[in-house]
Amino acid sequence: ATDEEKKPPLNGRRALPSNNSNDEENEVPEMEAFGLIPRGFNPKDYLRVVDIHMFKEPHEINKQQHHTDKYYNPKLIVRRGQSFQIQVDFNRPYNPETDQFWLEYLIGRYPQQNKGTYIPILVRDVLKPGEWGAKITHKENNSIRLSIMSSATCIIGKFRLYVAVLTPFGILRTRRNAATDTYILFNPWCQQDAVYLDDEKEREEYVLNDVGIVFHGNINDIKLRSWSYGQFEENILDACLFLMDKAELELSGRGNPIKICRVASAVINSRDDNGVIAGSWDNTYTNGVPPSAWTGSVDILLEYYSSKQPVRYGQCWVFAGVFNTFLRCLGIPARLITNYSSAHDNNANLQLDFFLDDEGKVDTTTTKDSVWNYHCWNEAWMTRPDLPVGFGGWQVVDGTPQETSDGMYRCGPASVQAIKHGHVCFQFDAPFVYAEVNSDIVYLRRAKNGTQVIENIDTTHIGQLIVTKEVGRDGMMEITEEYKFQEGSEEERLALETAVMYGVKKQNMQDTSYQPQTDVDMEFQVQKAVLGSDFKVTITFRNKSRNTYTATAYLSGNIVFYTGVTKNEFKKHSFSAKLEPSSSSAFDVVIKSSEYLSDLLDQASFHFFVTARINETGKILATQKATVLEIPALRIKTQGAMVAGKEMSVTVEFTNPLKQTLENVTLRLEGPGVLRTMKKEFRQIPMNSTLIWEVKCIPNRPGLRKLIASLNCDALRHVYGELNIQIQKP
């Protein structure tokens with residue numbers, strides 16, 4: 001292509017085209033003449049740069065001081081607002097009286113000084129903290145050591161470095177040299193950085209830990225699995241920078257963590273911008289990997305970076321896992337959050353409307369809202385100079401496509417503090433997150449005359465438990481009170497009134513005639529069960545009155561996606577109950593494995609509704625509960641010594657618990673710093689038989705590492721195993 005073709009189209013509004021690719025470069029002249037060059041001019045007569053040393057090895061001073069020694073990347077990686085060292089070798093000793101040189105850092109195709117994309121740095125006597133500058137710390141023979149300070153608000157990305165020397169006739173520059181490229185990242189260790197975090201243990205967890213825990217299952221049966229973030233693995237940093245190019249974020253905006261989080265929450269999902277992961281919630285995963293099979297983010301990011309096409313498929317924890325890798329990789333402290341019983345409220349009115357038909361069954365055609373057993377999102381740590389004081393700190397960002405925000409599927413950053421206090425007027429998307437953790441469930445019935453009658457309201461079901469991984473350990477840390485006040489407290493009421501004042505819609509219950517039956521309580525328990533076995537549901541009535549009542553009860557068992565959307569009803573059971581005064585009575589319903597096995601979905605999730613009509617008063621009691629089956633685990637073992645650089649052996653074992661043969665089984669195994677993801681296919685595993693897979697690998701990083709494995713086939717998903725191992729130094 002000629003230069004003519006390459007020119008970008010003219011744009012009447014701006015002199016320069018938009019500069020939104022870190023990958024593109026401009027030509028920088030090696031000799032920039034001031035005018036006519038006299039015939040006798042010889043560049044060799046002047047100070048000339050012979051070599052530049054970047055001290056970029058993991059064990060050298062820069063990567064050690066900047067906490068970037070874990071990145072599997074040969075180039076220099078530093079964090080902004082903190083000094084780093086380089087050495088420049090000249091062709092002769094440098095003389096400050098007569099020689100003048102400076103450094104130039106450039107990023108993108110159209111570098112401009114006022115945009116922060118062209119940064120000239122003169123040598124000074126003192127470095128000001130958090131501002132660009134350079135000073136000579138050491139002179140020896142033809143070499144000088146420089147200490148360079150970057151700005152604490154500097155753009156995040158990959159910069160090109162040139163050294164420029166002034167001569168009477170023009171500027172001489174070093175050649176373009178990719179080996180001197182410098183990555184600049186966010187710096188949670190620097191007080192002037194917007195992402196500064198003051199606790200070293202938290203920085204080690206939220207920035208430097210490359211493995212985490214995803215909590216899933218449901219509120220009554222919390223399950224956990226490990227996830228490999230792998231933010232330091234080969235090419236992951238470049239893949240994360242590519243995501244910002246893909247989102248077309250102006251380079252000049254890339255120093256701002258608020259902007260980066262906002263565009264990233266859109267580009268993590270493939271809706272409307274061909275982003276990283278395509279979601280699929282319908283249990284068919286043709287031409288892709290089922291969401292439950294992924295063990296970490298690395299494969300997904302690398303596949304996207306090379307193919308530039310959405311990777312199939314993800315569900316909420318996959319979006320959140322990849323988003324966490326992106327944030328930690330760039331240096332923004334981040335953690336993965338699980339909200340149990342998460343409301344997906346389609347019309348943001350702070351209530352989920354479940355419509356019942358005449359029998360008291362939920363009418364799936366008119367019920368549009370759903371309760372997710374759990375939903376994962378992320379929190380990123382940053383100051384919020386765009387909001388009033390006090391709303392900095394943890395911000396909710398969510399890459400799972402649920403609802404559009406400013407026309408795109410994205411969510412956040414929304415201040416956790418603002419959500420807790422009901423200040424949902426502050427950008428971005430606070431009302432949606434507020435509804436996810438605070439909605440009420442309202443059971444409505446259409447009466448014969450067409451009016452809606454409220455039968456029951458459940459104010460405590462949604463957002464019962466919000467958790468994340470503990471700092472420094474693999475346990476669970478509850479953070480519900482970061483999001484909401486104690487249920488029923490005066491502060492909670494006040495926060496709700498504030499949210500309503502700021503425009504969160506909430507229907508007033510006084511308008512509708514709602515007098516619940518207060519003297520009878522109904523609840524039910526689901527027995528814990530292993531996949532493939534029978535179990536029972538026990539329904540208990542407590543009659544607190546002096547009257548004898550009779551009740552007509554209906555139990556509906558549904559197989560559901562973890563998003564609370566029903567696939568089908570597999571169990572219907574009606575019975576009548578006599579409720580003696582001031583006493584409790586319990587009723588058992590048995591669920592047989594033959595009733596559910598053929599239709600089971602990959603999270604082995606059930607949802608039970610129980611509705612009962614008190615015949616004497618005509619009032620309805622309604623309650624619902626999700627439950628998950630126990631899924632058998634994979635066993636991981638290691639053999640022999642585990643030393644960095646030496647071959648070791650890992651074995652994965654699994655016993656088929658089902659009364660059927662498993663077909664086309666895929667195993668995955670990975671461990672950051674130990675082995676890249678390995679896959680193995682098995683045609684069949686007969687019932688009760690055990691599969692054994694042995695893998696040889698050479699770990700490259702010493703220390704405490706984690707192996708993570710998953711097994712997948714159509715009949716059985718969400719089978720995981722993990723093992724902590726200590727790799728010795730050679």
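Student: Which residues does UniProt list for "binding site"?

Tutor: The model is a predicted one, and the listing comes from an unreviewed UniProt entry. The listed positions are spread over 55 residues of sequence but cluster in space, with a largest C-alpha distance of 13.5 Å. One of them lies in helix H9, residues 430–438. The residues are Asn438, Asp440, Glu487 and Glu492.

Student: In which helix is the place of Asn438?

Tutor: Asn438 is among the residues that the unreviewed UniProt entry gives for "binding site". Its place is in the helix that spans residues 430–438, which is H9.

Student: For "active site", which residues does UniProt list, and what is the largest C-alpha distance in the cluster?

Tutor: The unreviewed UniProt entry names Cys316, His375 and Asp398. These residues are spread over 83 residues of sequence, yet they cluster in space. Their largest C-alpha distance is 9.9 Å.

Student: Where is Cys316 found?

Tutor: Cys316 belongs to the "active site" listing of the unreviewed UniProt entry. The helix that spans residues 316–330 is H7. Cys316 is found in helix H7.

Student: How are H4 and H7 placed relative to each other?

Tutor: Helix H4 covers residues 236–246 and helix H7 covers residues 316–330. Their axes are 10 Å apart, and the packing angle is about 105°. Angles of 65 to 115 degrees count as roughly perpendicular. H4 and H7 are therefore roughly perpendicular to each other.

Student: By class, how many residues in the contact of H4 with H7 are nonpolar, polar and charged?

Tutor: H4 contributes Ile236, Leu237, Cys240, Leu241, Leu243 and Met244 to the contact. From H7 come Thr325, Phe326, Cys329 and Leu330. By class, the contact has nine nonpolar residues, one polar and no charged.

Student: Which peptide bonds are cis, with what omega?

Tutor: Most peptide bonds are trans. One cis bond joins Arg312 and Tyr313, and Tyr313 lies in strand E15, residues 311–314. Another runs from Gln427 to Phe428, with Phe428 in the loop between helix H8 (416–421) and H9. Omega is about 5° for Arg312 to Tyr313 and near 5° for Gln427 to Phe428.

Student: What is the phi of Asn287?

Tutor: Most residues other than glycine have a negative phi. Asn287 lies in the loop between strand E14 (277–279) and helix H6 (298–307). Asn287 is a residue other than glycine with a positive phi, near 55°.

Student: What is the distance between the centres of domain 1 and domain 4?

Tutor: The chain is divided into domain 1 (31–185), domain 2 (210–502), domain 3 (520–628) and domain 4 (635–727). Taken over C-alpha atoms, the centres of domain 1 and domain 4 are separated by 47 Å.

Student: Which strands stand at the edges of the sheet E30-E29-E32-E33?

Tutor: This open sheet has four strands with antiparallel pairing, and neighbouring strands are turned by 15° against each other on average, direction ignored. An edge strand has a single partner strand, so one side of it is left without a neighbour in the sheet. The edge strands are E30 (566–579) and E33 (620–628).

Student: Which residue in E33 stands opposite Phe606?

Tutor: Strand E32, residues 605–614, pairs with E33 in the antiparallel sense over nine bridges. Opposite Phe606 in E33 stands Thr627.

Student: In the open sheet E27-E28-E31, which are the edge strands?

Tutor: The sheet has three strands with antiparallel pairing. The twist averages 15° from one strand to the next. Each edge strand pairs on one side only, and these are E27 (520–526) and E31 (583–591).

Student: Over how many bridges do E27 and E28 pair?

Tutor: Strand E28 covers residues 535–543 and pairs with E27 in the antiparallel sense. Val526 stands opposite Val537 in E28. The number of bridges between E27 and E28 is seven.

Student: Through how many residues does a hairpin join E39 to E40?

Tutor: Strand E39 (residues 703–713) and strand E40 (residues 716–727) run antiparallel and are joined by ten bridges. Arg705 stands opposite Ile725 in E40. The hairpin joins E39 to E40 through two residues.

Note on methods
Residues are numbered from 1 along each chain as its sequence is written. This is a predicted model: local features need pLDDT of at least 70, side-chain atom pairs count only at pLDDT 80 or more; totals for chains, interfaces and linings use all residues. Side-chain values use heavy atoms; hydrogens and water are left out. Axes are lines fitted to C-alpha atoms, for helices over the stretch in contact, and angles run from 0 to 180 degrees between N-to-C directions. Angles under 35 degrees count as roughly parallel, over 145 as roughly antiparallel, 65 to 115 as roughly perpendicular and the rest as oblique. Contact means heavy atoms within 4.5 Å. Ala, Val, Leu, Ile, Met, Phe, Trp, Tyr, Cys and Pro count as nonpolar, Asp, Glu, Lys and Arg as charged, and the others, Gly among them, as polar. Two strands pair if DSSP finds at least two bridges between them. Domain bounds come from an automatic or database domain assignment. UniProt positions are given in the numbering used here, feature names are shortened, and annotations may be inferred rather than shown by experiment.
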